[in-house]
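I open the notebook on a new entry. I want the overall fold, the surface and the charged pairs written down in that order.

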Amino acid sequence: AAELHALRTAHPSLEVHPLDVADFATIDALAARLAGRPIDVLLNNAGVFGPKAHSEGDRRQEFGSMDYGSWAEVLLVNLMAPMK
């Protein structure tokens, strides 16, 4: 984040807003703070992969032994949060 904050210093019109994308309440709070303001560029740098594949010894992504909690986190962070 140091480089990002350096950019903000160099470009006073740039705003940086940290956000936990898995926390919908903080997304709503940021949306309320930015209500009515146009956003020219939004960088959403978040993503998770989940458990490693069977080839690496982790069997939680196999048919019949899926770790649904981990899969739910992947969907939350990678799909639902950006849509929120």
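Before reading any accessibility, I fix the term: a residue is buried under 20% relative accessible area, exposed over 50%, and partly exposed in between. I also note that this is a predicted model.

Entry, fold. I looked up the secondary structure and found three helices and zero strands in the protein. Read from the N terminus, the order of elements is α-α-α.

Entry, dimensions. I took the box around the C-alpha atoms along the principal axes, and it comes to roughly 50 × 25 × 15 Å. The radius of gyration is 17 Å, whereas a compact globule of 84 residues would have one near 12 Å.

Entry, burial and surface. How many of the residues count as buried? I get 14% of the 84. The exposed surface is about 6800 Å², and carbon and sulfur atoms supply 60% of that area. I then checked the contacts between residues at least 6 apart in sequence; 43% of these join residues at least 24 apart.

Entry, charge. I counted 7 positive and 11 negative side chains. The centres of the two sets lie 3 Å apart. Side chains of opposite charge can pair when their charged atoms come close. I therefore searched for pairs with a side-chain nitrogen of Lys or Arg within 4 Å of a carboxyl oxygen of Asp or Glu. The search gave two salt bridges.

Entry, salt bridge of Glu-15. The partner is Arg-37, and the closest N and O atoms are 2.1 Å apart. Where do the two residues sit in the chain? I place Glu-15 in the loop between helix H1 (2-10) and helix H2 (24-33), and Arg-37 in the loop between H2 and helix H3 (68-83). They are 22 residues apart, so I log the pair as a link between distant parts of the chain. Glu-15 has a relative accessible area of 40% and is partly exposed. Arg-37 is also partly exposed, at 42%.

Entry, salt bridge of Asp-28. Here the partner is Lys-84, with 2.7 Å between the closest N and O atoms. Asp-28 belongs to helix H2, while Lys-84 lies in the segment after H3. This pair too links distant parts of the chain, with the two positions 56 residues apart in sequence terms. Is Asp-28 buried or exposed? Its relative accessibility is 39%, which falls between the two cut-offs, so I enter Asp-28 as partly exposed. Lys-84, at 44%, gets the label partly exposed as well.

Methods. Residues are numbered from 1 along each chain as its sequence is written. This is a predicted model: local features need pLDDT of at least 70, side-chain atom pairs count only at pLDDT 80 or more; totals for chains, interfaces and linings use all residues. Side-chain values use heavy atoms; hydrogens and water are left out. Helices (H or I, at least four residues) and strands (E, at least two) are DSSP runs, numbered from the N terminus. The radius of gyration is taken over C-alpha atoms; the globule rule is 2.2 Å times the number of residues to the power 0.38. Buried means under 20% relative accessible area, exposed over 50%, partly exposed in between (1.4 Å probe, protein chains only). Contact means heavy atoms within 4.5 Å. Accessible areas come from the Shrake-Rupley method with a 1.4 Å probe; for residues, only the protein chains shown count as cover. Lys and Arg count as positive and Asp and Glu as negative; His and the chain ends are not counted. The place of a charge is taken as NZ of Lys, CZ of Arg, CG of Asp or CD of Glu.
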